[in-house]
Amino acid sequence: MVEAGWSVDVSGVTAVRTTDGIAIDLRPKERAVVAAVALHHPATVSAAGIAALVWGDTPPATAIKAVHNHVARLRRSAVGLLETTAVG
């Protein structure tokens, strides 16, 4: 979920900015995770759902773990951008 204070742009290269317009430097897969979550906003999307959107029909065996790692990095670099729930 996007909290107040963040802007997510998914037209072109996915970008996350503060309300002051400062871009957050994201890795390509982190941008893909943000885009997957933004696609479902405001609904909750599970880690498996994010993995399916990021990797399609051929996810690596470690896809769920990778999603968890990308979300953890996003939560550190963009505090308040994502909200984790019991579902995902």
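1. Two strands count as paired if DSSP finds at least two bridges between them. In this predicted model, strand β1 (residues 6–9) and strand β2 (residues 15–18) pair in the antiparallel sense, and the pairing runs over 4 bridges. Within that pairing, D9 stands opposite A15 in β2, while S7 has R17 of β2 opposite. As general background, the side chains of a regular strand alternate between the two faces of the sheet.

2. The connection between these strands deserves a careful look, since the hairpin of β1 and β2 has 5 residues between the strands and includes G12 with a positive phi near 85°. For context, most residues other than glycine have a negative phi. The loop between β1 and β2 also holds T14, and T14 is buried, because its relative accessible area of 11% falls under the 20% limit for that class. Leaving aside residues up to four places away in sequence, T14 touches D9, R31, V34 and A35.

3. One of the partners of T14 can be followed into the helical part of the model, for R31 lies in helix α1. Is R31 buried, partly exposed or exposed? With a relative accessibility of 25%, R31 counts as partly exposed. When residues up to four places away in sequence are not counted, R31 touches V13, T14 and L26. R31 and H68 are 37 residues apart in sequence, and the distance between their C-alpha atoms is 14 Å.

4. Helix α1 (residues 28–40) and helix α2 (residues 47–55) have axes that come within 9 Å and cross at roughly 115°, and the crossing of α1 and α2 is right-handed. From α1, the residues K29, A32, V33, A36, V37, L39 and H40 take part in this contact, and they meet I50, L53, V54 and W55 in α2. By character, the residues of this contact divide into 9 nonpolar, 1 polar and 1 charged.

5. The loop between α1 and α2 contains P42, and the peptide bond that joins H41 and P42 is cis, with an omega of about 10°. This bond may be worth a reader's attention, given that most peptide bonds are trans.

6. Which residues of α2 are buried? They are A47, I50, A51, V54 and W55. Seen down the axis of α2, these buried residues fall within an arc of 105°, so they line one face of the helix. The general geometry of an α-helix is relevant here, as there are 3.6 residues a turn, so residues three or four places apart point the same way. The buried residues of α2 pack against both α1 and α3 (63–77).

7. A51, a residue of helix α2, is a useful place to examine that buried set, and A51 counts as buried because its relative accessible area is 4%. With residues up to four places away in sequence left out, A51 touches G56, A63, I64 and V67. One of these partners, G56, comes just after α2 and takes a positive phi of about 70°. By contrast with these contacts, A51 and A23 are 28 residues apart in sequence and 24 Å apart in space, taken from C-alpha to C-alpha.

Methods
Residues numbered from 1 in each chain as written. Predicted model: local features only at pLDDT ≥ 70, side-chain atom pairs only at ≥ 80, totals over all residues. Heavy atoms only, no water. Axes fitted to C-alpha atoms, helices over the stretch in contact; angles between N-to-C directions. Helix = DSSP H or I, 4+ residues; strand = E, 2+ residues; numbered from the N terminus. Left-handed = near helix turned anticlockwise from the far one by under 90°. Contact = heavy atoms within 4.5 Å. Nonpolar A, V, L, I, M, F, W, Y, C, P; charged D, E, K, R; others polar. Buried < 20%, exposed > 50% of the residue type's maximum accessible area, 1.4 Å probe, protein only. Arc of directions from axis to C-beta.
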